[in-house]
Amino acid sequence: MSRKPILNDSIRNKVTQLEYKGLSGKEKEIKRIYKESTGKEPPPFKIYSSDEMNIGKESGFDGAAIHFYDEKKHINQVYYIFRGTEPSKDFGDVVYDALGIGAGEDQAQISDATKMYEKVEGNIKSSGTKVERYGDGHSLGGHLIVTLGLITKNFKDVRGMTSVALIYFHY
């Protein structure tokens, strides 16, 4: 059953921005953002972070997934959110931008994004309601989420944001 996305574009933008601080433990903030935007409480959700899964430590990859699930209301949506380049926090991101994106020589962050995706999917596959997947990323995170969307071919839509443009793919 295809449903309307739980998170509208405005909420997705705010959550993508929040990923720069890490989404792990940010349930209250996500609930606040959702309630301010919709006037309602969000459906039950769980946050998965690359940091908690011990993925991306060497490559610099940083991402999270928010899984909204309510069997009675037939809600089963997961939002993958990937952080962009942070030169002051992780200079490896700048190197990856040059070697991974620019030269196509380094695939470590794409590999880690795929590992995270596979782990999250392993946790959510057991439910009976069809999973709808959405993806968001800013800057380097935009590159990673768009690439993951092209690899898996099962996202409902993917948004890769830069400071000058929003690249939107709807499958």
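This report describes the fold, the strands and helices, and selected residue contacts of one protein chain.

**Overall layout**

The structure is a predicted model. Its secondary structure comes to 5 helices and 6 strands, and along the sequence these elements follow the pattern α-α-β-β-β-α-α-β-α-β-β. The protein has 171 residues, of which 48% are buried.

**Strands E1 and E2**

Strand E1 covers residues 45-49 and is mostly covered, with 4 of its 5 residues buried. E1 and E2 run antiparallel and are joined by 5 bridges. Within this pairing, Lys-46 stands opposite His-67 in E2. The charged end of Lys-46 also sits over the ring of Tyr-48, at 5.0 Å from the ring centre.

His-67 has a relative accessibility of 9% and therefore counts as buried, the cut-off for that class being under 20%. The C-alpha atom of His-67 is separated by 9.8 Å from that of Glu-132, although the two residues are 65 apart along the chain.

**Aromatic pairs**

How many aromatic pairs are there? The count comes to 7. One of them joins Phe-68 and Tyr-79: the ring centres are 5.9 Å apart and the planes stand at 90 degrees, so this pair is edge-to-face. The reasoning rests on the cut-off for that class, which is an angle over 60 degrees. Phe-68 belongs to strand E2 (residues 63-70) and Tyr-79 to strand E3 (residues 75-82), so the contact ties together parts that are 11 residues apart in sequence. Both Phe-68 and Tyr-79 are buried. Ring pairs also link Phe-45, Phe-68, Tyr-79 and Tyr-134 into a cluster.

**Strands E4 and E5 and the crossover between them**

Tyr-134, a member of that cluster, has Asp-157 of E5 as its bridge partner. Strands E4 (residues 132-138) and E5 run parallel, and 5 bridges join them. Between these strands the chain passes through helix H5 (residues 140-152), forming a β-α-β crossover that is right-handed.

Strand E5 (residues 157-161) is mostly covered, as 5 of its 5 residues are buried. In a regular strand the side chains alternate between the two faces of the sheet. In E5, Asp-157, Arg-159 and Met-161 point one way, while Val-158 and Gly-160 point the other way, and all are buried.

**Helices H2 and H5**

Helix H5 has 13 residues and reaches 18 Å from its first C-alpha to its last, close to the 18 Å expected at 1.5 Å a residue. Its buried residues include Leu-140, Leu-144, Ile-145, Val-146 and Leu-148.

Helix H2 (residues 27-38) has 12 residues, which should span 16 Å at 1.5 Å a residue; the end C-alpha atoms are 16 Å apart, in agreement. Which residues of H2 are buried? They are Ile-30, Ile-33 and Tyr-34. Seen down the helix axis, the buried residues of H2 fall within an arc of 95 degrees, so they line one face of the helix. An α-helix has 3.6 residues a turn, so residues three or four places apart point the same way. The face of H2 turned away from the buried side carries the exposed residues Lys-28 and Glu-36.

**Residues in loops and in helix H4**

His-74 and Lys-153 each have a positive phi, near 55 degrees, in a residue other than glycine. Lys-153 follows helix H5. The table sets out the place and accessibility of these two loop residues.

| Residue | Place | Phi | Relative accessibility | Class |
|---|---|---|---|---|
| His-74 | loop between E2 and E3 | near 55 degrees | 41% | partly exposed |
| Lys-153 | loop between H5 and E5 | near 55 degrees | 66% | exposed |

Ser-111 is found in helix H4, which covers residues 108-124. With a relative accessibility of 33%, Ser-111 counts as partly exposed. Its C-alpha atom and that of Ser-59 are separated by 9.2 Å, with their positions 52 residues apart along the chain.

Key: Residues numbered from 1 in each chain as written. Predicted model: local features only at pLDDT ≥ 70, side-chain atom pairs only at ≥ 80, totals over all residues. Heavy atoms only, no water. Phe/Tyr/Trp six-rings, centres within 6.5 Å; stacked < 30°, edge-to-face > 60°. Helix = DSSP H or I, 4+ residues; strand = E, 2+ residues; numbered from the N terminus. Buried < 20%, exposed > 50% of the residue type's maximum accessible area, 1.4 Å probe, protein only. Lys NZ or Arg CZ within 6 Å of the ring centre and 35° of its normal. Pairing = 2+ DSSP bridges. Right-handed = clockwise from strand over helix to strand, strands pointing away. Expected span 1.5 Å × (residues − 1). Arc of directions from axis to C-beta.
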